[in-house]
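Student: I'd like to learn how to read a structure like this one. Can you walk me through it?

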Amino acid sequence: MILKKSNTEDIPGTIIFNGTRAIKGYALNKMCFSFNSAENRDAYRRNEEAYCDKFELTGEQRQALKHRNVRELLEAGGNIYYLAKWAGIFGMNVQQIGAQQRGMTEEEFKEMLVRAGGD
Amino acid sequence: MARVIGGIATSHVPSIGKAIARRLENDPLWKRFFDAYKPVHEWLDGVQPDLAVVVYNDHGLNFFLDKMPTFAVGAAAEYKNADEGWGLPVVAPYPGHPQFSWHLIESLVADEFDITSCQEMLVDHAFTVPMSLLWPERGCRAVPTVPIAINTVQFPLPSPTRCYKLGRAIGRAIESYKEDIRVVVVATGGLSHQLDGDRAGYINKKFDLLCLQKIVNDPEALARYSVHDLVRDAGAQGVELLMWFVMRGAMTGQVTEKHHSYHVPISNTAAAVMVLENKTPWSEKWLDQSLMTRV
């Protein structure tokens, strides 16, 4: 089957978590999935490097984790649903995650959301 | 025979669950949002469903990328919730209905929906938050449930048309169940929102309002959108509208809208709730479309 253009075109500022990203991010996402367990979150807090070793993360993924940078983690194949579990370890909420990616303060980001309701 | 008594669609944002856990229903920030569910409670009190089929998307609690079913149907005696990693309190298990589950599974597969059956299935906030919203006074355990999970994590996702057809097949399965039970079909998720990428925080009120109208009166036109169209117009996570298509498909052609409410923002999301009732009863014409009747 030939896919229609509308199914393959890029949507600006938006990530389509397709097979290519799933392959690239598998180890990172698998590690983040493990953070459903409090015991694993504690193990990560105690020794981040050792925990990353267990999942054989790439250098790019380790750097992005060190930078606590969601945009870099997405670029390294991370999926937002699993990354949210990692962000939870640091008490980051979805407004902070959004603001960080947008280069805004949390307040600016929240104001933008409120404005969207008024249009 | 069983009957589809109606459909409900509601957002499932985690922050709603946190607000419920902190008893903030009457807090000035939340009161308007929670008050919008009072007409839903009155409707449920009136129709008294015996079973809820809950169509939702798992966010990485039960399913991981190692095995990702497009459509998964619960077949358990109970469904447990568990730690999702970012602080929502774990709630008590929900009773299932294995007998109905297996009827549904048989019927869907006969109808050429090759679903994954799950005798163990953890349910995440996309299931638990709507249950708390819909049945707050009864500890969320008012009716047995059958959860159906739709993949919205790993692309490619099922198309809106496919989800609408799945809904039709679910409706046919319900209406061919021998016991005299009243079933409500619940869809969770949406409306527009986006968590990741440079467009994080994207909300499209115009498109949401169009969807709220079309899902009632012209769902088949709306179902012609592609998944990409939904991502573009409703945001990456606004694609959760797929669940609304399933619910609408389970209804008969004409529906009566009993209630809807729209609220921006809840967390990063344009939140909505809608209640639909069948205007016309299910007919043999609809049931005839089931392959089950021909085999």
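Tutor: Sure, let's begin with a term we'll need: a residue counts as buried if 20 or more other C-beta atoms lie within 10 Å of its own. Keep in mind that what you're looking at is a predicted model.

Student: Okay, let's use that. How many residues of strand E8 of chain B are buried?

Tutor: Six of its seven residues, so by that cut-off strand E8 (residues 182-188) of chain B is mostly covered.

Student: What holds strands together in a sheet?

Tutor: In general, strands of a sheet pair through backbone hydrogen bonds, and the pairing is either parallel or antiparallel. Here, E8(B) has strand E1 (residues 3-10) of chain B as a parallel partner over seven bridges. Within that pairing, Ile8(B) has Val186(B) as its bridge partner. Strand E2 (residues 51-56) of chain B also pairs with E8(B) in the parallel sense, over five bridges. There, Val55(B) stands opposite Ala187(B).

Student: Which strands of chain B run antiparallel?

Tutor: Take strand E3 (residues 71-74) and strand E7 (residues 145-150) of chain B: they run antiparallel and are joined by three bridges. In this pair, Val73(B) sits opposite Ile148(B).

Student: In what order do the strands of the sheet in chain B come?

Tutor: The order is E6-E3-E7-E2-E8-E1-E10-E9, eight strands in an open sheet with mixed pairing. At the edges you find strand E6 (116-118) and strand E9 (255-266) of chain B, each pairing on one side only. On average, neighbouring strands of this sheet are turned by 15 degrees against each other, direction ignored.

Student: Now the other chain. How many helices and strands does chain A have?

Tutor: Nine helices and zero strands. Its C-alpha trace spans about 45 × 45 × 25 Å along the principal axes. Of the 119 residues in chain A, 36% are buried.

Student: How do I read contacts along the sequence of chain A?

Tutor: Look at how far apart the partners are: among contacts in chain A with a separation of 6 or more, 58% come from residues 24 or more positions apart.

Student: And how many residues does each chain bring to the contact between A and B?

Tutor: Chain A brings 41 residues and chain B brings 34. On chain A, helices H2 (26-34), H3 (38-46), H7 (80-89), H8 (94-102) and H9 (106-118) each supply at least two residues of the side that touches chain B. Sorted by class, that side of chain A has 22 nonpolar, 14 polar and five charged residues.

Technical notes:
Residues are numbered from 1 along each chain as its sequence is written. Chains are lettered from A and ligands numbered from 1 in the order in which they are written. This is a predicted model: local features need pLDDT of at least 70, side-chain atom pairs count only at pLDDT 80 or more; totals for chains, interfaces and linings use all residues. Two residues are in contact if their C-beta atoms, placed from the backbone, lie within 7 Å. Helices (H or I, at least four residues) and strands (E, at least two) are DSSP runs, numbered from the N terminus. Ala, Val, Leu, Ile, Met, Phe, Trp, Tyr, Cys and Pro count as nonpolar, Asp, Glu, Lys and Arg as charged, and the others, Gly among them, as polar. Two strands pair if DSSP finds at least two bridges between them. Axes are lines fitted to C-alpha atoms, for helices over the stretch in contact, and angles run from 0 to 180 degrees between N-to-C directions. A residue is buried if 20 or more other C-beta atoms lie within 10 Å of its own, exposed if 12 or fewer, and partly exposed in between; C-beta atoms are placed from the backbone.
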